[in-house]
Amino acid sequence: MSRATTLLILGASGDLTSRLLLPAIGQLLRRQPDRQLTLRGAGSDEWSAKRWRDTVREAFASVDAADEAPRVAGTTYTRADVTDPTALAGLVEGVEGPLVIYFALPPAVSVAACTVLRDLHLPPETVLALEKPFGSDEKSARELNELLTEIVPEKQIFRVDHFLGRSTLINVLGVRFANRLIEPVWSADHVESVLVRYDEALALENRARYYDKAGAMIDMIQSHLLQVLAVLAMEQPADLDEIDLRDAMAAALRATAIWDDNPVRSTRRGRYTAGKIGDRAVPSYVDEEGVDPARGTETLAEITCEVRTARWAGVPFTLRSGKAMGDRCAEIVVTFRPVRHIPGGLTGTPTDGGVLRFTLGPDRIDLELNVNGGDDPFALRRDTLSTKLGKGTLLAYTEVLSEILDGDVALSVRADAAEQCWRIIQPVRDAWNRGDVPIEDYPAGTRGPAAWPTSAR
Ligand code: NDP
């Protein structure tokens, strides 16, 4: 690592930068003593050099990386409208060596900045890192992809999905592909259903400006959980590199559609009402500051998809994510079909042939099996083999930044995959906009509308 990479953060005075990116940079530098980094920040707010340096220092300290702050002592903050060609040209001027431009901006501003970048001269190795949401529908995602590839080649475009970099998801690959017990049964012949859930105890947390226009389906399912589905459903790639892995994931997404092509029967949406999470009182979503109730934004979304391949036809993949839940629950649940025959003499009829569960943060794997040999040695009962995978020492964004700075795009979302995710949810958006699927209430602090099977857990 001889040459310093310049990391230029556009939107440096924003929430993502101070809360997620800067701590991740601190952690990354602590982990990589040889990494040379030049950090530049730019934003529309009038920040002094001192305020920026203090923000960097505080973020580093928050992850026990205060000692690394001197390694970016020369960091600069420039007040600039990044949609202004002269201002943006000034920000990239004089950069020598690899350049990463991180768009920590509102999505429309990112597009405007890219339109300007297209006409600027950039170092040939420039990497562009873009945040979700990537476009606002399939068409706008395609247009943005076209714009980006006019600036740099696809292998230098990093569409960030911090889920993909998470160790839990990487674990799915190992467990799925490296075990003779599991690899051969990873198909519709043996798997009955798959559930990907990301329920948060967090409520709106002052993010109405973004969230009230996005809602749970776009915030989580479109941008993250469909990528998880792709990892679960893809054919085995020869290699986990940027070509094989992303080819396999994109093929899985292309084969994915809403179950029965029927968004009315195959999707649900909910919105929290006033309640309590722990001892914290949470107002009704519609009473949160900045929310426009007329938008009818959902805070809980559930969609069931099918993956129309020989491997998966007939297996429901349910994706669900909600806010203001009683407890956090992030998991992948693979339920196996009941075996064809259980010998007479064993009592009890299991409802399934076992369950494999991946839990995110703290990461663990549970394998629920039907066993006997208890007090009544022939009575079947359920037991669970569990292993804790630990918390993972790195923040998700540290993993993301490490990949970006290494130019490793394998775990970022490829152009076509980003477009497919919008294509898959479009019929749901249409049905919800028409009002064909009612919004069901659930009190904050519960597990969602009581009638939903996934709320029972
Ligand atoms: P913020 O609104 O907090 O920050 C955006 C920053 O960009 C602000 O500092 C804003 O300045 C600045 N900005 C806006 N327009 C311009 C401009 N023309 N020139 C220069 N700077 C400008 O948003 P977030 O940080 O929350 O989000 C940024 C991106 O990251 C979004 O795409 C979001 O969806 C994504 N994201 C955010 C997450 C989060 O937890 N915050 C999580 C995952 C993704 P000003 O305030 O003066 O307008």
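# Exercises on the ligand site, cavities and backbone of a predicted model

Strand 7 gives the most to the lining of the second largest cavity, with three residues. The exercises below concern a predicted model, and the opening one stays with this cavity.

## Exercise 1. The second largest cavity

Task: Describe the volume of the second largest cavity, the residues that line it and the elements that supply them.

Solution.

Step 1. The volume of this cavity is about 60 Å³.

Step 2. Its lining is made up of Phe163, Leu169, Val196, Arg197, Tyr198, Leu225, Val228, Glu331, Ile332 and Leu360.

Step 3. Two or more residues of this lining come from each of strand 7 (191-199), helix 7 and strand 14 (329-336).

Step 4. Sorted by class, the lining has eight nonpolar residues, two charged residues and no polar ones.

## Exercise 2. The largest cavity

Task: State how many cavities of 30 Å³ or more the whole structure holds, then characterise the lining of the largest cavity.

Solution.

Step 1. The search of the whole structure returns four cavities of 30 Å³ or more. The largest cavity has a volume of about 120 Å³.

Step 2. Leu130, Glu131, Lys132, Phe134, Arg159, Val160, Gln222, Ser223, Gln227, Val413, Ala418 and Cys421 form its lining.

Step 3. Helix 7 (208-233) and helix 11 (415-433) are the elements that each give two or more residues to this lining. Helix 7 gives the most, with three residues.

Step 4. By class, the lining of the largest cavity comprises six nonpolar, three polar and three charged residues.

## Exercise 3. The ligand and its shell

Task: Identify the residues that come nearest to the ligand, and explain where the ligand lies with respect to domain 1 and domain 2.

Solution.

Step 1. The ligand has 25 residues around it, of which Asp15, Leu16, Arg19, Asp45 and Arg209 come nearest.

Step 2. Consider the polar contacts, for which the cut-off is 3.5 Å between N or O atoms. A polar side-chain atom of Asp15 is 2.7 Å from a nitrogen atom of the ligand. For Leu16, a backbone N or O atom is 2.7 Å from an oxygen atom of the ligand. For Leu105, a backbone N or O atom is 3.0 Å from an oxygen atom of the ligand.

Step 3. On its own the ligand has 890 Å² of accessible area, and the protein covers 82% of this.

Step 4. Helix 1 (15-31) and helix 4 (107-117) are the elements that give two or more residues to the shell. Helix 1 provides the largest share, four residues.

Step 5. The shell divides into eleven nonpolar, six polar and eight charged residues.

Step 6. The ligand lies between domain 1 (5-131) and domain 2 (164-456), because both domains give residues to the shell around the ligand.

## Exercise 4. The second largest pocket

Task: Give the volume of the second largest pocket and the origin of its lining.

Solution.

Step 1. The second largest pocket holds about 530 Å³ of space.

Step 2. It is lined by 23 residues, and those closest to its centre are Leu181, Ile182, Val185, Phe336 and Leu367.

Step 3. The elements that supply two or more lining residues are strand 15 (355-359), strand 16 (363-371) and strand 17 (381-390). The largest share, four residues, belongs to strand 16.

Step 4. The lining of this pocket consists of 13 nonpolar, six polar and four charged residues.

## Exercise 5. Backbone geometry

Task: Which peptide bonds, those from Lys132 to Pro133 and from Gly361 to Pro362, are cis or trans, and what is the phi of Asp64?

Solution.

Step 1. Most residues other than glycine have a negative phi, and most peptide bonds are trans.

Step 2. The bond that joins Lys132 and Pro133 is cis, with omega at about -10 degrees. Pro133 belongs to the loop between strand 5 (127-130) and helix 5 (138-149). Lys132 also appears among the residues that line the largest cavity.

Step 3. The bond from Gly361 to Pro362 is likewise cis, and its omega is near -5 degrees. Pro362 is situated in the loop between strand 15 and strand 16. Strand 15 and strand 16 both contribute to the lining of the second largest pocket.

Step 4. Asp64, although not a glycine, has a positive phi of about 60 degrees. Asp64 is placed in the loop between helix 2 (49-61) and strand 3 (76-79).

Technical notes:
Residues are numbered from 1 along each chain as its sequence is written. This is a predicted model: local features need pLDDT of at least 70, side-chain atom pairs count only at pLDDT 80 or more; totals for chains, interfaces and linings use all residues. Side-chain values use heavy atoms; hydrogens and water are left out. A residue is near a molecule or strand if one of its heavy atoms lies within 4 Å of it. A polar contact is a pair of N or O atoms within 3.5 Å; within protein, one must be able to donate a hydrogen and the other to accept it, and residues adjacent in sequence count only if both atoms are side-chain atoms. Accessible areas come from the Shrake-Rupley method with a 1.4 Å probe; for residues, only the protein chains shown count as cover. Ala, Val, Leu, Ile, Met, Phe, Trp, Tyr, Cys and Pro count as nonpolar, Asp, Glu, Lys and Arg as charged, and the others, Gly among them, as polar. Domain bounds come from an automatic or database domain assignment. On a 1 Å grid over the protein atoms alone, a cavity is a set of points where a 1.4 Å probe fits but cannot get out, and a pocket is an open set with protein on both sides within 12 Å along at least five of seven lines; lining residues have an atom within 4 Å of a point. Grid points are joined across faces, edges and corners, and a volume is the space filled by probe spheres set on the points.
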